[in-house]
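This report is a short guide for a reader new to the structure shown below. The text takes up a strand and its partners, a cavity, a helix and a few backbone angles.

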Amino acid sequence: MNRKRPELLIPASSLEVLKTAVIFGADAVYIGGEAFGLRAKAKNFSKEDMRAGIIFAHEHGVRVYVTVNILAHNGDLDGVREYLYELKDMGIDALIIADPAIFDLAKEICPEIERHISTQANNTNYGTYQFWWRLGAKRVVSARELSLQEIKEIRERIPRDMEIESFIHGAMCISYSGRCLLSNYFTGRDANQGACTHPCRWKYSIVEETRPGEYLPVYENERGTFIFNSKDLCMIEHIPELIDAGIDSFKIEGRMKTALYVATVARTYRKAIDDYLESPKKYQENMPWYLEQISNCTYRQFTTGFYFGKPDETSQIYDNNTYVKEYTYLGIVGDERDGMYRIEQRNKFSVGEMIEIMKPDGRNIEVRVLRIVDEEGNEQEGAPHPKQVLYVELGCGDGILRPARFDILRRAEE
């Protein structure tokens, strides 16, 4: 891989989101199948959708990685073996693995598929990278706890052909590299088996052991204190430092996010990376645009995580567990029929309303909804039902706008 141009690796929770990621600038996407990934609550991919997604991605020159990154128990291994045989002939480009047993099974069953080591394996030093390289791993995902200086040292001490992948944007787990016991303890749903309930975002009080039942008054506001609630990682202002550290793949977190989130982060980081490689001056001049655009998707305030040293109290959110939401996702533009465009509607909107078309090239075009009809051609004043298939007519200025397939429809919130 050319170290001058890092890979932009984007998450996808469904075939629709995969296509969005591809069109909006991904170099590679990572997805989960219906088993053995760490996002069991995500939609994930059926075998049919996975095949279709791989074909679509490859047609656009985009690689596809599949997560098989649970920490396996004895009872999982027969199922993992069967699953790897299913993946063998799918045409995927890499498997993302955390468990050594699954790594060995992949090496035995599908040695032709690259093996990448998940952040769940707690990869915090160059010796660990060298270890996995000797076993046949092509890439290791760095632990979130590493600084850029530590990553740079790893780069200097591992083989040139070995790749480093690092998270550069998205949610931060409070547990070590995402390995968490809270979910299992509170709900019986194991985060390390893909069923995390995100208890780090819940509201907590403190009890001193000699005063059982007496909740200490530690309050930031009337809703309580959210002591485990990290801000989201955002490195859009630090592309030069990430490249200088020798990171081969810039990874976006968010395999449970919407197409709007994926389109926003993919488009923004794509432009930021390309602008910097074309001209550092251009990158700096466009920084206000990047910052404005990246705030257009749902997020939880931003931090640079561990990259510039250990985080302090400013990396946590103490007064709430809610996201900042500036835009609402309405749907993706599909095929044209009689001058109207098919969408599978995601949130409510109405005839006469002003919405935006978000395009992969960076433009955001304000349009008015002129007509809405259902699949049978019946006129509708609004789109109240999630996932209803509709055809919409959109106007811009005095004319009818002709959006492109895969453009995103969104609405700005007050």
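Which residue stands opposite Glu163 in β7? The residue is Arg139. The model is a predicted one.

**Strand β7 and its partners**

Strand β7 covers residues 163-170, and eight of its eight residues are buried. Strand β7 pairs with strand β6 (residues 139-141) in the parallel sense, over three bridges. Strand β11 (residues 249-252) also runs parallel to β7, and four bridges join the two. Strand β10 (residues 232-234) runs antiparallel to β7 and is joined to it by two bridges. The table lists these pairings with one pair of opposite residues for each.

| Partner of β7 | Sense and bridges | Opposite residues |
|---|---|---|
| β6 (residues 139-141) | parallel, three bridges | Arg139 and Glu163 |
| β11 (residues 249-252) | parallel, four bridges | Ser249 and Glu165 |
| β10 (residues 232-234) | antiparallel, two bridges | Leu233 and Gly170 |

In a regular strand, side chains point to one face of the sheet and then the other in alternation. Strands β6 and β7 also belong to a β-α-β unit, with helix α6 (residues 148-157) as its helix. The unit is right-handed.

**Ala143 and the largest cavity**

The loop between β6 and α6 contains Ala143. Ala143 counts as buried because its relative accessibility is 3%, and the cut-off for buried is under 20%. The C-alpha atom of Ala143 is 5.2 Å from that of Thr119, although the two residues are 24 residues apart along the chain.

Ala143 is also one of the residues that line the largest cavity. A probe the size of a water molecule, rolled over the atoms, shows where empty space remains. Over the whole structure, a search finds two cavities of 30 Å³ or more. The largest of the cavities has a volume of about 50 Å³. Its lining also includes Arg144, Leu146, Phe167, Met172 and Leu233. Thr304, Gly305, Phe306 and Tyr307 line this cavity as well. By class, the lining has seven nonpolar residues, two polar residues and one charged residue.

**Helix α1**

Helix α1 spans residues 15-23, and its buried residues are Leu15, Val17, Leu18, Thr20, Ala21 and Val22. Residues three or four places apart in an α-helix point the same way, because the helix has 3.6 residues a turn. The buried residues of α1 pack against two helices, α2 (47-59) and α9 (259-278). They also pack against the strands β1 (7-11), β2 (28-32), β13 (327-332) and β20 (408-412). Just after α1 comes Gly25, which has a positive phi of about 125°.

**Positive phi outside glycine**

Most residues other than glycine have a negative phi. Asn122 is not a glycine, yet its phi is positive, at about 60°. Asn122 lies in the loop between β5 (114-117) and α5 (126-135). Its relative accessibility is 22%, so Asn122 counts as partly exposed.

Asp338 is another residue other than glycine with a positive phi, near 55°. The loop that holds Asp338 is between β14 (336-337) and β15 (340-344). Is Asp338 buried or exposed? Asp338 is exposed, because its relative accessible area is 75%, and the cut-off for exposed is over 50%.

Notes. Residues numbered from 1 in each chain as written. Predicted model: local features only at pLDDT ≥ 70, side-chain atom pairs only at ≥ 80, totals over all residues. Heavy atoms only, no water. Buried < 20%, exposed > 50% of the residue type's maximum accessible area, 1.4 Å probe, protein only. Contact = heavy atoms within 4.5 Å. 1 Å grid on protein atoms, 1.4 Å probe; cavity = no way out; pocket = protein on both sides within 12 Å on 5 of 7 lines; lining within 4 Å. Points joined across faces, edges and corners; volume = space filled by probe spheres on them. Nonpolar A, V, L, I, M, F, W, Y, C, P; charged D, E, K, R; others polar. Pairing = 2+ DSSP bridges. Right-handed = clockwise from strand over helix to strand, strands pointing away.
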